[in-house]
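Here's a quick walk through this protein, from the overall picture down to its sheet and its cores. Keep the structure open while you read.

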Amino acid sequence: MELTEAPPEAASAAGPPVIKALPITASTITARDLGFDRNDRVILDDVSLEVRPGEVLGITGPSGSGKTSLLALLAQLEAPSRGDVQIDPPIQRRGVVLQSYGLASSLTAAENVEVALQSDVAGRLSRDEIRRRAAAAVELVGLTDVADHLVEELSGGQQQRVAVARALAVEPTVLFADEVSAELDHDAKERVLGLVFGLAVRGATVVLATHDPEIAARCTRELRLVDGRIGDALPH
C-alpha cells in the first residue's frame, strides 16, 4: 500500500491521494425487496438496488430515514426481515467504516489497524508485515504522529481517520462507509475522500451513507431514502 497521484478521473472527483496496490476483483451487490423491522417498527420497506464494481453509491436522506440500517444490510452486518442481499462474486476483502467507529479504546491507533489485519489475513502475513501495512494505512490518513496514542486520547476526527485506516489496510474490494468524513476538517476530508473514491477508480465497489450533499454529488449515483423507502435515485 502506498501513496500515489490520483488518475485524472479520480482527481476530478475527490483529489489525491489514492491507494495503489494489487488489482481488484470486486463484487456486484444486489438487494431485492429489502425490508427491516426493529421493535415492531418498520425501518426499511421494499428497497431494491444494484451497485457494480467501480461505482460509488451514495445513500442519502434525512435523519431516521434508514441510511445506516440499509448500509448494515448491504454489508451483511444485519439480516433483513424481508427480501435478500446477493453479492457476486463473494467479497474477497471487505472494508467497513461504522458511524460509531467501533474502535478499541484501550489500543493505540496503529494497534486498532493491526487487529483488523490479523483478522482479515488469518495468518497469511508475518507480524512484521502486519505492522508495516498498518503503519502505511495510518500514514495514508495523515496520523503517523499519533500512531502510538491510545484511541481514547484522540479527537473525534482523529478516531474517524483511524476507522478509515483500518478499513483501507485490508485493501478492500468492497467498501461500506457511514458518514465517512462527518468530523473532519477540509484538508482531512479531501484526503479521506481521495482514498475512498480512488478505490472505485481501481474497480472496487463502494457504498457511502452520507448527509453531506457535496459527497453525494461526487458519487456515481445517489439513492435517497424517505421514511425507509426509496425516494429518488439520481445519476451523477
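## What it's built from

The protein has seven helices and eleven strands. This is a predicted model, so a word on confidence is in order before getting into the details.

## How far to trust it

The mean pLDDT of the protein is 89, with 86% of the residues at 70 or more. The stretch to be wary of is residues 1–20, where the pLDDT is below 50. In the model, that stretch still has 51 contacts beyond its near neighbours in sequence.

## The overall picture

Of the 236 residues in the protein, 52% are buried. The accessible surface adds up to about 10600 Å², and carbon and sulfur atoms account for 47% of that.

How do the contacts spread along the chain? Take those between residues at least 6 apart in sequence: 69% of them join residues at least 24 apart.

## A three-stranded sheet

One open sheet has three strands in the order β4-β3-β6, and the pairing is antiparallel. Its edges are β4 (41–51) and β6 (82–88); each of these has a single partner strand, so one side of each is left without a neighbour in the sheet. Going from one strand to the next, the twist averages 15°.

Now zoom in on β3 (residues 28–38) and β4. These two run antiparallel and are joined by seven bridges. To find one of the pairs on screen, look for Ala-31, whose bridge partner in β4 is Leu-49.

## The largest core

In soluble globular proteins, nonpolar side chains tend to be buried together. Here, the largest nonpolar core has 44 residues, and Val-113, Val-206 and Leu-208 have the most contacts inside it. At least two residues of this core come from each of α3 (109–121), α4 (127–140), α5 (156–169), β8 (174–178), α6 (186–201) and β9 (205–209). Which element gives the most to this core? That's α6, with eight residues.

Leu-208 is a handy place to start looking around. Leaving out residues up to four places away in sequence, Leu-208 touches Val-56, Leu-57, Gly-58, Ile-59, Ala-177, Val-196, Phe-197, Ile-215 and Cys-219.

## A second core

Apart from the largest core lies another one, made of 24 residues. Among them are Ile-29, Leu-44, Ile-87 and Leu-225. If you have the sheet on screen, recall that β4 covers 41–51 and β6 covers 82–88, while β3 covers residues 28–38.

How values were computed. Residues numbered from 1 in each chain as written. Predicted model: local features only at pLDDT ≥ 70, side-chain atom pairs only at ≥ 80, totals over all residues. Heavy atoms only, no water. pLDDT = per-residue confidence, 0-100. Contact = heavy atoms within 4.5 Å. Pairing = 2+ DSSP bridges. Helix = DSSP H or I, 4+ residues; strand = E, 2+ residues; numbered from the N terminus. Axes fitted to C-alpha atoms, helices over the stretch in contact; angles between N-to-C directions. Buried < 20%, exposed > 50% of the residue type's maximum accessible area, 1.4 Å probe, protein only. Areas by Shrake-Rupley, 256 points an atom, 1.4 Å probe, with all protein chains shown as cover. Core = buried A, V, L, I, M, F, W, Y, C linked by side-chain atoms within 4.5 Å.
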